[in-house]
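Please look over the chain shown below before reading on. The paragraphs that follow go through it piece by piece, beginning with a pair of packed helices.

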Amino acid sequence: MLRTHTCGELRPEHIGQTVSLCGWVQRTRDKGSLLWIDLRDRYGLTQITLEEGVEADAVRETARQLGREFVLSVTGKVAERYSKNDKIPTGAIEIRPEKVEILNPAKLPPFLIEDDTDGGDDLRMKYRYLDLRRTPVRNNLMLRHKMAQAVRRYLDGQDFIEVETPVLIKSTPEGARDFVVPSRMNPGEFYALPQSPQTFKQLLMVSGFDRYFQIVKCFRDEDLRADRQPEFTQIDCEMAFVEQEDVLDMFEGLVRYLFKEIKNLDFPTVPRMTYAEAMRDYGNDKPDTRFAMKLTDLTETTKGQGFPVFDSAELVLGINAATCAAYTRKQIDELTEWVKRPQIGATGLVYARVEADGQVKSSVDKFYSQEELQKWKAAFNANPGDLILLLAGPEAKTRKAASELRLEMGRRLGLRDPNSFSPLWVIDFPLLEFSEEENRHFAMHHPFTSPKPEDLALLDDPKTIGQTRANAYDLVINGVEIGGGSIRIHDRAVQARMFSLLGFTPEEAQAQFGFLLDAFEYGAPPHGGLAFGFDRLCSLFGGSDSIRDFIAFPKNNSGRDVMIDSPSPIADAQLKELSIKTDVVAK
């Protein structure tokens with residue numbers, strides 16, 4: 001080994017020992033007769049001190065040649081530091097070097113390798129290998145490592161077996177677009193990269209493995225945002241001979257274990273909420289329950305008073321922004337422009353202030369008497385000093401906009417503390433959703449999700465088919481879907497019927513999923529499972545909104561790795577070998 005210790009290891013008990021350290025130059029400070037080097041590795045930082053008349057001239061001359069990020073080997077004695085630094089673990093000692101060797105010089109980095117860097121996102125992604133030297137980024141990956149180890153400990157303790165499943169699989173419909181891989185040995189045919197190991201984990205249950213898990217790469221060719229990447233990681237799990245409650249109990253245990261192991265937080269039982277309750281009270285199926293501010297339906301209360309916007313609206317929905325009655329007209333106007341942004345989609349905002357004397361003053365006073373406005377106040381349980389904010393329009397659009405407005409007000413009021421955690425199970429999702437554009441049903445979860453047994457009869461009537469509930473569930477924490485799963489269909493006849501409801505002919509179902517349907521004829525056990533978004537879970541624990549911060553080499557919003565310039569064209573000879581001819585059509 002070139003080093004005896006790391007740069008984060010030495011303490012006062014090492015004083016007097018001769019040690020060797022290796023690392024990168026964080027910075028140098030040259031005061032003429034005194035010269036300091038801060039030497040860094042992944043474990044920490046140690047100060048090297050050189051003094052005129054103490055260290056050899058040759059050593060001091062080498063030290064003066066150093067620049068940021070030079071790779072060094074330093075051998076010397078550990079000494080007590082005169083001016084101690086209590087902000088770092090090694091701040092009580094320093095090294096008085098006998099030898100300084102430059103192992104590799106370095107060009108000046110394009111941005112500062114500091115906690116607070118001057119590099120923008122694009123620049124840091126291009127030089128990701130340098131960005132990974134920064135302490136916050138390194139700490140993110142260390143957190144990811146600790147979480148992966150904790151997941152394995154918990155699941156191993158619950159008799160789960162880690163099994164790897166194929167990466168080159170068959171392309172199947174439903175879900176996001178597949179990434180496809182040409183087969184040289186089978187010209188004109190393609191593999192797909194797995195969106196998840198869904199069918200394989202079900203086959204493992206048919207195989208009798210009983211409890212399976214895998215920390216696995218998944219691939220989806222979809223539009224990207226902060227919490228999406230074309231390749232991402234799941235904690236993928238499946239259990240046989242279980243019902244929904246068994247799965248929820250098992251993986252609630254995993255989440256509670258992770259919070260205890262990683263953040264030393266104890267959680268009571270995770271509460272449950274139905275999909276219908278989540279949509280009614282929060283406007284989306286992944287509610288942030290760190291704060292209240294539930295949505296209130298004021299549709300019937302506001303009708304018939306001559307205000308055209310409310311009278312013609314399919315839905316009038318609002319929130320009580322407690323303590324915000326003092327908002328100025330400028331603040332209200334700014335909030336109105338915010339809800340009218342295309343991402344939110346509202347056409348306007350109506351407000352009503354509850355005055356200190358209990359009277360209500362609104363932006364539509366000429367249409368509503370004080371008696372009517374008091375009904376608003378009662379519906380929202382509003383108190384003096386509160387601000388009622390209302391949106392109106394088509395039901396789905398208004399519910400989405402009201403949900404976004406609630407989250408924005410929660411943010412502005414400081415109610416979305418990243419150090420506070422509010423986990424929630426959302427259950428009883430619809431089994432199917434109908435696409436007006438394609439005039440057919442789609443599986444809301446995936447085609448292998450079983451309906452609630454008590455709702456099976458609803459599938460027989462076109463009028464009630466949309467009311468069928470799924471044996472599906474999501475784990476939501478702080479408004480982020482962390483994981484989702486379901487009890488699966490394990491009967492061939494029920495699975496074939498599900499494919500039929502989704503528009504597959506028997507021949508198409510057999511061609512795409514015949515291997516699974518056939519397996520169900522050989523004694524498939526009842527089974528179900530769940531997959532956690534591991535990247536999302538890491539970002540939640542790390543207090544970040546973006547999963548990119550917890551992936552070693554992420555892609556940008558265009559799905560590009562700007563560091564290695566990928567994707568990129570390939571040689572004509574390689575295309576010919578793959579029996580592929582390209583004809584790129586401009587979009």
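Is the crossing of α10 and α12 left-handed or right-handed? In this predicted model, the crossing of these two helices is right-handed. The axes of α10 and helix α12, which covers residues 395-412, come within 11 Å and cross at roughly 135°, and because that angle falls outside the ranges counted as roughly parallel, roughly antiparallel or roughly perpendicular, α10 is described as oblique to α12. On the side of α10 the contact is made by E334, L335, W338 and V339, and on the side of α12 by E404, L405, E408, M409 and R412. By residue class, this contact divides into five nonpolar and four charged residues, with no polar ones.

Helix α10 also leads to the sheet, since this helix (residues 329-339) lies across β14 (350-354) and β16, running at about 145° to β14. Helix α11, formed by residues 370-379, packs on the sheet as well, where it touches β12, β14, β15 and β16, and its direction makes about 100° with that of β15. The sheet itself is open and has five strands in the order β12-β13-β16-β14-β15, with antiparallel pairing. The strands β12 (296-297) and β15 (360-362) stand at the edges with a single partner strand each, so that one side of each is left without a neighbour in the sheet. Further in, β13 (residues 315-321) and β16 (residues 387-393) pair in the antiparallel sense over seven bridges, and N320 stands opposite I388 in β16.

A further helix pair can be read in the same manner. The axes of helix α6 (residues 244-263) and helix α15 (residues 534-541) come within 12 Å and cross at roughly 45°, which makes α6 oblique to α15; the crossing in which α6 passes α15 is right-handed. Here L258, F259, I262 and K263 of α6 meet L537, L540 and F541 of α15, and the residues of this contact divide into six nonpolar, no polar and one charged.

These elements belong to a chain that holds 16 helices and 22 strands, and whose C-alpha trace spans about 90 × 75 × 55 Å along its principal axes. Of the 587 residues in the chain, 48% are buried. Among contacts between residues at least 6 apart in sequence, 65% join residues at least 24 apart.

Conventions:
Residues are numbered from 1 along each chain as its sequence is written. This is a predicted model: local features need pLDDT of at least 70, side-chain atom pairs count only at pLDDT 80 or more; totals for chains, interfaces and linings use all residues. Side-chain values use heavy atoms; hydrogens and water are left out. Two strands pair if DSSP finds at least two bridges between them. Helices (H or I, at least four residues) and strands (E, at least two) are DSSP runs, numbered from the N terminus. Contact means heavy atoms within 4.5 Å. Axes are lines fitted to C-alpha atoms, for helices over the stretch in contact, and angles run from 0 to 180 degrees between N-to-C directions. Angles under 35 degrees count as roughly parallel, over 145 as roughly antiparallel, 65 to 115 as roughly perpendicular and the rest as oblique. A crossing is left-handed if the near helix is turned anticlockwise from the far one by less than a right angle, and right-handed if clockwise. Ala, Val, Leu, Ile, Met, Phe, Trp, Tyr, Cys and Pro count as nonpolar, Asp, Glu, Lys and Arg as charged, and the others, Gly among them, as polar. Buried means under 20% relative accessible area, exposed over 50%, partly exposed in between (1.4 Å probe, protein chains only).
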